[in-house]
Amino acid sequence: MTFTFTKPHRDVDKVFIHCSASDSPEHDNLQTLREWHVKKNGWRDIGYHYFIHKDGTCSTCRDIQKTPAAQLGHNTGSIAVCLHGLKKNNFTQRQFETLIDMCRVFDNAYNNQLTFHGHCEVSTKTCPVFDYREVLGLSLSGDRVNRPNSSPQPLAQPLLQLTDTGAAVTLLQQELAKKLNISLSSDGHFGQQTKSAVLLFQKNQGLVEDGIVGKQTWQQVLA
């Protein structure tokens, strides 16, 4: 599909990805979402701006000019996109293709300055369940799923450790190579070489040397 998008008048610097927490075909529609969000939650409208159905089609929900109600405490400056689904193996390739297309359009509209996040980064939920970093990281230029802003927010960076994969790992590897002035493969796989680089970086910064990239390590990596 070719997704068309007109920038809202409000400021936007990030996109949040969600899932609807249901695989039931009876819930793959805006009427159900509106019942959940308006009748049950008491919101003025559906909390998301866009909803991607199992067949890959996209429906417009809340007016893009309006702030979403999908990420408590993190709605300002965001666009919210939801994919119908609950179990990660039940999302369809068509849904992912639509999501990729949409995020490319968003990113181009904002001159490649957006960051892309899962709801789970700012809540205790596992939403959107599937590996959105991998899905988007393979398609957005420069592997910038969670590219840091000028004032990076550590919360936007996932906890990383040995065996993790994805665009966030690629970003980590690129930044470590620059900070440590070493040769480090940016292959998106958190292996022993990457762990050794993390340990060296943590030692140099006076951080806890555990080889795990959490809040404090991200702060220094992106500083």
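**Entry 1: helix H5**

I began with helix H5, where the face turned away from the buried side carries the exposed residues Gln192, Lys203 and Asn204. I note here that I am reading a predicted model, and I keep that in mind for each entry below.

I then looked up the other side of H5 and found that its buried residues are Thr194, Ala197, Val198, Phe201 and Gln202. Viewed down the axis of H5, these buried residues fall within an arc of 135°, so they line one face of the helix. The spacing suits a general rule, which I wrote beside it: an α-helix has 3.6 residues a turn, so residues three or four places apart point the same way.

Which helices are among what covers the buried residues of H5? I found that the cover includes helix H4, residues 167–180, and helix H6, residues 215–221.

I also checked the length of H5, which runs over residues 192–205: at 1.5 Å a residue its 14 residues should span 20 Å, and the end C-alpha atoms are 20 Å apart, which agrees. Just after H5 I came to Gly206, which takes a positive phi of about 70°.

**Entry 2: Thr217 in helix H6**

From the cover of H5 I went on to Thr217, which is found in helix H6. Is Thr217 buried or exposed? Its relative accessible area is 6%, and with the limit for buried set at under 20%, Thr217 is buried. Leaving aside neighbours within four places in sequence, I listed its contacts as Phe201, Gln202, Leu207 and Ile212; Phe201 and Gln202 had already appeared in my notes among the buried residues of H5.

**Entry 3: the chain as a whole**

I stepped back to the whole chain and counted six helices and five strands, which follow the pattern β-α-β-β-β-α-β-α-α-α-α when read along the sequence. Of the 223 residues in the chain, 50% are buried. Among the contacts with a separation of 6 or more, 61% are between residues 24 or more positions apart.

**Entry 4: Ile52 in strand E2**

I looked for an example of such distant partners and took Ile52, which sits in strand E2, residues 50–52. Ile52 has 0% relative accessibility and counts as buried. Setting aside neighbours within four places in sequence, I found Ile52 in contact with Thr57, Cys58, Val81, Cys82, Leu83, His84, Gln95, Thr98, Leu99 and Met102. I also noted the distance between Ile52 and Phe96, whose C-alpha atoms are 9.0 Å apart although 44 residues separate them in sequence.

**Entry 5: Phe91 and the cis bond at Pro128**

Next I turned to Phe91, which lies in the loop between strand E4, residues 78–83, and helix H2, residues 93–109. At 7% relative accessibility, Phe91 counts as buried although it is in a loop. How far apart are the C-alpha atoms of Phe91 and Lys54? They are separated by 6.9 Å, while the two residues are 37 residues apart along the chain.

The contacts of Phe91, again without neighbours within four places in sequence, are Cys19, Leu83, His84, Gly85, Leu86, Phe96, Pro128 and Phe130. I followed up Pro128, which is found in the loop between strand E5, residues 115–118, and helix H3, residues 132–137. The peptide bond from Cys127 to Pro128 is cis, with omega near 15°.

**Entry 6: two positive phi angles outside glycine**

In that loop between E5 and H3 I also met Val129, which has a positive phi of about 75° although it is not a glycine. Val129 is partly exposed, with a relative accessible area of 31%.

A further case is Asn112, which has a positive phi of about 60° and is not a glycine either. Asn112 belongs to the loop between H2 and E5, and I recorded it as partly exposed, with a relative accessible area of 29%.

**Entry 7: the largest pocket**

Last, I looked up the largest pocket, whose volume is about 390 Å³. Its lining has 21 residues, of which His18, Tyr48, Ala70, His119 and Lys125 lie nearest its centre. The elements that give two or more residues to this lining are strand E1, residues 14–19, and helix H1, residues 30–40.

Which element gives the largest share of the lining? I found that H1 does, with three residues. By kind, the lining residues divide into twelve nonpolar, eight polar and one charged.

Key:
Residues numbered from 1 in each chain as written. Predicted model: local features only at pLDDT ≥ 70, side-chain atom pairs only at ≥ 80, totals over all residues. Heavy atoms only, no water. Helix = DSSP H or I, 4+ residues; strand = E, 2+ residues; numbered from the N terminus. Expected span 1.5 Å × (residues − 1). Buried < 20%, exposed > 50% of the residue type's maximum accessible area, 1.4 Å probe, protein only. Arc of directions from axis to C-beta. Contact = heavy atoms within 4.5 Å. 1 Å grid on protein atoms, 1.4 Å probe; cavity = no way out; pocket = protein on both sides within 12 Å on 5 of 7 lines; lining within 4 Å. Points joined across faces, edges and corners; volume = space filled by probe spheres on them. Nonpolar A, V, L, I, M, F, W, Y, C, P; charged D, E, K, R; others polar.
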